[in-house]
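Hi,

Here is the structure I promised to pass on. Have a look at it first, then read my notes below.

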Amino acid sequence: MEAARLQLEAECRFLNSHTYASFDAAVASSGARAPPWPSGPLDRVSSPVKGLTVLRSYLSPEEHDVLLALALEDKPRRPPRGSTNLCVTCPQIPTLEWYVVLRSVCERLRRDVGLPHMPGTLTLNYYEAHEGLRAHTDNPLVIAELVIGLSLASPCVMEWAHAGGERWAVVLEPGTVVIQQGEARYDWTHAIPPGEVHARPGGGEPIVRSARVSVQLSDFDRRFFESEMVQRQRLDVGAPDGQ
Ligand SMILES: O=C(O)CCC(=O)C(=O)O
């Protein structure tokens, strides 16, 4: 498994360098600009989860609003799916508009927390107020180590659990950035409980949820997109019941 994971990391880096070269050329000729970087101190949440970085209020309001508008523009028209959220994965960052702002946020993360590179696959998660996400660890044979999540639109609680029984929970406010590496990525699960109200970890006013979006950057093995499962889902997108 270790060899497969290392090969996946190397392939993703190779593919990314090609994708970025063509995007960078297009950005330069289009004159597209990302929102200015915010100033102010880094608000880093301390946690017992090794390899996890949680940065509160990391996105500027302008970055937040640009990303939310892009995510809502790209939202597939499908009915809510009960207790679990709608998730869309794009093999590459789909447009220049997405690239410009995500590239800028990743450059800032490199400056602030030493982000090693910008991942090249975009996953959008859409939640209705009552929807959650089951406890899981992102599959290490499909997704490389580095996973970055940007929280948008409304707050929720994310729960972390270690196989050894340790647990931790954190509020993800709009504008929070979560980076998973190392143990956080491989030895802990993360989940968002369903329900329109989340108890605040440590007590205090409960969180009344509304629709939420998360933008995730990671490196997927391209074989995933060729897999039968994904091809079947693609064919199903236009099905009459929308599922
Ligand atoms: O919505 C989030 O913040 C987390 C999403 C996630 O964990 C996933 O897509 O695997």
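**Around the ligand**

The residues around the ligand are Cys87, Thr123, Asn125, Leu133, Asp138, Gly149, Ser151, His190, Ser214 and Gln216; a residue makes this list if its C-beta atom, placed from the backbone, lies within 6 Å of the molecule. Strands β4 (121-127), β6 and β13 (212-218) are the elements that each supply two or more residues to this shell. Helices and strands here are DSSP runs numbered from the N terminus, with H or I over at least four residues for a helix and E over at least two for a strand. Sorted by class, the shell holds two nonpolar, seven polar and one charged residues. For that sorting, Ala, Val, Leu, Ile, Met, Phe, Trp, Tyr, Cys and Pro count as nonpolar, Asp, Glu, Lys and Arg as charged, and the others, Gly among them, as polar.

Two things to know before you go on. This is a predicted model, where local features need pLDDT of at least 70 and side-chain atom pairs count only at pLDDT 80 or more, while totals for chains, interfaces and linings use all residues. Residues are numbered from 1 along each chain as its sequence is written.

**The seven-stranded sheet**

Follow β4 out from the ligand and you land in an open sheet of seven strands, in the order β1-β2-β9-β6-β13-β4-β3, with antiparallel pairing. Two strands pair if DSSP finds at least two bridges between them. At the edges are β1 (43-45) and β3, each of which pairs on one side only. From one strand to the next, the twist averages 20 degrees. Helix α2 packs on this sheet and touches β4, β6 and β13, and its direction makes about 95 degrees with that of β6. Such angles run from 0 to 180 degrees between N-to-C directions, with axes as lines fitted to C-alpha atoms, for helices over the stretch in contact.

What are the partners of β4? On one side, strand β3 (residues 86-90) pairs with β4 in the antiparallel sense over five bridges. Thr89 has Thr123 as its bridge partner there, and Cys90 has Leu122. β4 also pairs with β13, antiparallel again, over seven bridges, and one of the matches is Leu124 with Val215. Six of the seven residues of β4 are buried, so this strand is largely enclosed by the rest of the structure. Buried means that 20 or more other C-beta atoms lie within 10 Å of a residue's own; exposed means 12 or fewer, partly exposed is in between, and the C-beta atoms are placed from the backbone.

**The core**

Which residues touch the most other members of the largest nonpolar core? Out of its 46 residues, they are Leu67, Ala71, Trp98, Leu102, Met158, Val177 and Val215. Helix α3 (residues 96-113) gives the most to this core, with six residues. A nonpolar core is a set of buried Ala, Val, Leu, Ile, Met, Phe, Trp, Tyr and Cys residues joined through C-beta atoms within 7 Å. Take Leu67: setting aside neighbours within four places in sequence, Leu67 is in contact (C-beta atoms, placed from the backbone, within 7 Å) with Val101, Leu150, Leu152 and Val215. In soluble globular proteins, nonpolar side chains tend to be buried together.

**The four-stranded sheet**

There is also an open sheet of four strands, ordered β5-β10-β7-β8 with antiparallel pairing. β5 (133-136) and β8 (167-172) stand at the edges with a single partner strand each, so one side of each has no neighbour in the sheet. Ignoring direction, neighbouring strands are turned by 15 degrees against each other on average.

β5 and strand β10 (residues 188-192) run antiparallel and are joined by two bridges. Leu133, one of the residues around the ligand, stands opposite Ile192 in β10. Four bridges join β7 to β10, where Glu159 stands opposite Ala191. β7 and β8 share six bridges, and Ala161 is matched with Arg167. Their hairpin has four residues between the strands, and Gly165 takes a positive phi near 110 degrees in it.

**Two loop residues to look up**

Ser57 has a phi near 50 degrees, a positive value in a residue other than glycine. You'll find Ser57 in the loop between β2 (52-56) and α2 (61-73). Ala153 also has a positive phi, near 80 degrees, and sits in the loop between β6 (147-152) and β7 (156-162).

Is Ala153 buried or partly exposed? Ala153 is partly exposed, with 19 other C-beta atoms within 10 Å.

Cheers

Methods:
Two residues are in contact if their C-beta atoms, placed from the backbone, lie within 7 Å.
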